[in-house]
Amino acid sequence: MHRTTLGDFELSIVSDGTYFLDGGAFFGVVPKALWSKKVTPDEQNRLDAGLNSLLIRTGGKNILVETGIGNKLPERMVHIYTQPAKLLDNLHTAGLAPEDIDIVINTHLHFDHCGWNTVRRGEEVVATFPKATYYVQRQEWEHGRQQLERDAVSYMSPNYDPLVESGQMVLLDGDQEIVPGISVKVFPGHTTNMQAVIVESGGKKACYISDLIPTSMHLDVTWVMAFDLFPLQTIESRKKYYSWAIPERWLTVFTHDDKVPWGYVERGERGKLALVTL
Ligand SMILES: [Zn+2]
């Protein structure tokens with residue numbers, strides 16, 4: 001398990017396992033001749049993608065950023081993506097039960113980021129983390145509920161609507177501090193209202209940048225996933241992110257990297273971006 005400290009906080013990567021993504025969808029307009037130098041797909045052109053949640057222990061609170069795919073995926077989607085469902089086991093290994101989580105932050109509501117928000121109990125869908133307050137951007141939730149042709153498949157009501165109805169999920173309007181040292185900031189591109197989570201303690205910063213930079217292979221601003229609704233905004237948002245994260249040496253956390261979950265982005269020779277791992 002990957003673990004480090006950031007000021008007074010302890011950060012751990014808690015994974016829900018790995019799932020399949022299509023290599024073409026993962027790297028968008030980047031030719032396979034280029035991306036296949038970094039990662040080798042299987043015979044169906046699939047890649048193993050990580051499902052990394054970030055656990056933040058502040059001393060007072062346990063905060064979970066993102067909840068993976070969960071265990072409620074319909075059979076046809078299990079066939080495509082697989083359903084590893086390892087998050088609760090890995091959380092247990094980290095020493096925590098679901099009741100110990102105080103706050104859950106979803107960067108956005110695609111099924112591979114909020115699946116463990118809820119579980120089925122008989123006919124009901126209930127919160128997996130019974131004592132937690134959940135946070136997401138209001139406009140992300142509204143977008144998912146519209147069920148537009150392009151991305152309806154990514155948004156599954158049982159992952160969030162029961163929590164909104166019960167009042168356990170708080171809908172945010174823009175950038176906000178959640179608790180001292182932990183705040184959210186909207187970076188448009190992947191979706192309009194995807195939020196990153198910025199962690200700050202003892203003069204150090206980390207950022208769960210989510211699908212804005214999904215893996216350490218996506219550092220180049222033009223290596224944008226085909227899933228992104230607004231690729232030009234992704235490029236602008238990445239530039240903005242690097243303008244802060246590189247000079248201030250933020251620890252960048254990657255949501256879908258099954259091998260390198262975090263590191264420091266640096267600008268090397270001729271401006272080329274590189275990652276310094278922990
Ligand atoms: Zn994703």
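**Exercise 1. Find the bridge partner of V253 in β15, then place both strands in their sheet.**

Step 1. V253 pairs with W262 of β15. Strands here are DSSP runs (E, at least two residues), helices are runs of H or I with at least four, and both are numbered from the N terminus.

Step 2. Two bridges connect β14 with β15, and the strands run antiparallel. That meets the pairing rule, which asks for at least two DSSP bridges between two strands.

Step 3. Now zoom out: the open, mixed sheet has seven strands, ordered β10-β11-β12-β13-β14-β15-β16. β10 (176-179) and β16 (273-277) sit at the edges with a single partner strand each, so one side of each has no neighbour in the sheet.

A quick word on the input: this is a predicted model, where local features need pLDDT of at least 70 and side-chain atom pairs count only at pLDDT 80 or more, while totals for chains, interfaces and linings use all residues. Numbering starts from 1 along each chain as its sequence is written, and side-chain values use heavy atoms, leaving out hydrogens and water.

**Exercise 2. Work out which strands the buried residues of α8 pack against.**

Step 1. Pick out the buried residues (under 20% relative accessible area; exposed is over 50%, partly exposed in between; 1.4 Å probe, protein chains only). In α8 these are T234, I235, S237, R238, Y241, Y242 and A245.

Step 2. Check their contacts, meaning heavy atoms within 4.5 Å. The buried residues of α8 pack against β13, β14, β15 and β16.

Step 3. Check the helix length too. α8 has 15 residues and spans 20 Å from first to last C-alpha, close to the expected 21 Å, which is 1.5 Å times one less than the number of residues.

**Exercise 3. Identify the protein donors of the zinc ion and say where the two histidines sit.**

Step 1. Collect N, O and S atoms within 2.8 Å of the metal (3.2 Å for Na, K and Ca); water is not among the atoms, so sites may look incomplete. You get H113 (NE2), D211 (OD) and H256 (NE2), at 1.9 to 2.2 Å from the zinc ion.

Step 2. H113 belongs to helix α5 (residues 111-114), and H256 to the loop between β14 (251-253) and β15 (262-267); the two are 143 residues apart.

Step 3. Test burial: H113 is buried at 0% relative accessible area, and H256 is buried at 2%.
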